[in-house]
Amino acid sequence: MENLFPEVIGQESAKKKLAFYLNSYQSTSIMPNLMLCAPKGQGKSMLAKQACKKLNVIKDGKIVLDEHGKPLLKKAYEINASQINTVPVLLATLQQVAIDKDVTLFIDEAHNISRKVTDMLLTLLNPNPSNKNSFTHDDYTCEIDFTRQTFIFATSESHSVFAPLMDRLTRIDLEDYTLPQLGMIVQKTLPDVEFQEDVLLDIATVLRGNARQAVKMAWDIRSYLCGKKEFNKFNWNDLIKLLSILPLGLSPIELNLLRFMKGNPNGSSLTNLAAKTGLSRDAVQRDYETYLQRHSLMEITAGKGRTITSKGLDYLKNYDYSLNIA
Amino acid sequence: MSDTAKIKRPGAGRTKGSSSFVKIPLKDLISKFADLNTQIVVSRKYAEVVGFDNLTSNAATKIMGSIAGEQQLTTVEIKEISLD
């Protein structure tokens with residue numbers, strides 16, 4: 001199948017699934033309403049926006065052309081779900097940009113949709129043979145026609161999306177990026193820079209598997225190079241010192257947590273870790289423990305609670321060794 | 001107490017006078033508001049009849065609140081995605 005998304009690095013299965021629906025859209029004029037699921041910074045918005053660029057206007061089974069003879073694309077709008085917090089607001093928004101128009105609506109952070117708005121969306125997005133739904137609120141009725149309006153949602157917290165809403169949408173999960181793919185994103189962001197040896201792979205190890213971090217790192221490299229066009233391992237080691245980048249891209253808080261757990265080999269509770277860092281228990285659990293566990297640097301056991309693993313101890317040993325050498 | 005006694009819900013329903021209308025000559029309105037950009041509240045039905053499209057509806061209480069400076073009218077930031 002033709003690669004419809006040459007701009008997007010990685011995410012092969014998501015791209016294939018999207019390409020499948022986009023190809024069938026050309027003959028059916030029906031694009032399923034989508035829900036893109038992935039952690040933050042994995043490229044949900046980018047993929048959604050690329051999909052918007054492939055959705056053209058189809059009328060009576062024929063592709064509508066613009067004044068230059070090219071397929072006319074559906075207008076596309078991006079809205080943050082936290083802003084459409086009531087039914088009248090969603091109705092007013094749809095009235096403004098979607099009703100009786102050929103559009104794609106990209107609604108980001110879908111886990112922030114309120115319950116009442118979710119109920120309305122359950123009615124509007126319910127799949128049915130006529131591909132049309134209407135919703136009445138007070139004296140106003142709004143009608144959605146799936147041949148004209150396409151909805152793309154995105155969320156980093158799919159578990160918080162109301163299950164019946166998720167059922168009405170076609171879910172596309174994004175994959176983790178490999179180290180070479182992250183390196184390619186850095187290179188793509190800085191096409192004029194020549195990265196020597198395997199420095200791109202070294203850079204990729206600190207990007208926490210995150211495409212947005214790769215782009216931000218590329219910007220830091222551009223700032224470091226000040227117009228030069230070559231970047232080698234010596235430059236990378238220099239940048240590591242300048243920006244205090246830790247191995248695996250750990251944050252200073254995660255390093256502190258590892259040190260705290262090393263000092264408490266009999267185990268620590270989540271409350272202990274929260275008190276040590278001055279963060280809430282939720283923040284420690286959500287923002288820091290997950291990444292440490294992902295790299296097997298710490299573990300949680302029923303009897304002891306949170307402990308550092310042998311891999312975590314090796315991490316600290318190697319890091320302290322590198323500090324002494326420096 | 002009767003079985004059919006009505007339950008009174010405080011705050012429910014329309015406020016007194018909220019659905020009655022008055023006629024005011026346009027010149028009187030203009031003389032009242034020196035700034036021609038002043039927001040004038042009209043019913044959505046009236047606005048539609050005189051040909052205004054794509055209006056954002058807001059609850060009456062919210063509109064009155066915004067006039068009194070108590071709350072902002074709902075505005076949703078809608079970004080058009082560049083298709084180039």
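Start with helix 12 of chain A: select Val284(A), Tyr288(A) and Leu292(A), and you have buried residues of that helix. Keep in mind that this is a predicted model. The three picks make sense on one side of a helix, because an α-helix has 3.6 residues a turn, so residues three or four places apart point the same way.

Now show what sits over them. The cover on the buried residues of helix 12 of chain A includes helix 10 (252-262), helix 11 (270-277) and strand 12 (298-301), also of chain A.

Stay on Tyr288(A) for a moment, since helix 12 of chain A bends there by about 40°. Does the length still add up, or not? Helix 12 of chain A (residues 281-294) has 14 residues, which at 1.5 Å a residue should span 20 Å, and its end C-alpha atoms lie 18 Å apart, so the two agree. Step just past the end of helix 12 of chain A and click Ser296(A), where phi is positive, about 55°.

Time to zoom out. Colour chain A by domain: domain 1 covers 12-173, domain 2 covers 179-245 and domain 3 covers 249-325. Put a centroid on the C-alpha atoms of domain 2 and another on those of domain 3, both in chain A, and the gap is 27 Å. Chain A as a whole has 13 helices and 13 strands, and its C-alpha atoms fill a box of roughly 70 × 50 × 30 Å along the principal axes. Of the 326 residues in chain A, 30% are buried. If you like contact maps, take the contacts in chain A between residues at least 6 apart in sequence: 68% of them join residues at least 24 apart.

Next, select strand 8 of chain A, residues 149-155. How many of its 7 residues are buried? The count is 7 of 7. In a regular strand the side chains alternate between the two faces of the sheet. Turn on side chains here and you'll find Gln149(A), Phe151(A), Phe153(A) and Thr155(A) pointing one way from strand 8 of chain A, with Thr150(A), Ile152(A) and Ala154(A) pointing the other way.

Then add the strands alongside:

- Strand 1 of chain A (residues 34-37) runs parallel to strand 8 of chain A, joined by 4 bridges. Look for Leu36(A) opposite Ala154(A).
- Strand 5 of chain A (residues 103-108) also pairs with strand 8 of chain A in the parallel sense, over 5 bridges. Here Ile107(A) stands opposite Phe153(A), and Thr104(A) has Thr150(A) as its bridge partner.

Which strands make up the open sheet, and in what order? Reading across, the 6 strands go 9(A)-1(A)-8(A)-5(A)-4(A)-1(B), with mixed pairing. Strand 9 of chain A (170-173) and strand 1 of chain B stand at the edges with a single partner strand each, so one side of each has no neighbour in the sheet.

Last stop: the place where chain B joins in. Select strand 4 of chain A (residues 75-80) and strand 1 of chain B (residues 79-80), which run antiparallel and are joined by 2 bridges. Glu78(A) faces Lys79(B) across this pairing. Widen the selection to the full contact and you pick up 19 residues from chain A and 12 from chain B. The chain B side that touches chain A breaks down into 5 nonpolar, 4 polar and 3 charged residues.

Technical notes. Residues are numbered from 1 along each chain as its sequence is written. Chains are lettered from A and ligands numbered from 1 in the order in which they are written. This is a predicted model: local features need pLDDT of at least 70, side-chain atom pairs count only at pLDDT 80 or more; totals for chains, interfaces and linings use all residues. A residue is buried if 20 or more other C-beta atoms lie within 10 Å of its own, exposed if 12 or fewer, and partly exposed in between; C-beta atoms are placed from the backbone. Two residues are in contact if their C-beta atoms, placed from the backbone, lie within 7 Å. Domain bounds come from an automatic or database domain assignment. The expected span of a helix is 1.5 Å times one less than its number of residues. The bend at a residue is the angle between axes fitted to the seven residues ending there and the seven starting there. Ala, Val, Leu, Ile, Met, Phe, Trp, Tyr, Cys and Pro count as nonpolar, Asp, Glu, Lys and Arg as charged, and the others, Gly among them, as polar. Two strands pair if DSSP finds at least two bridges between them.
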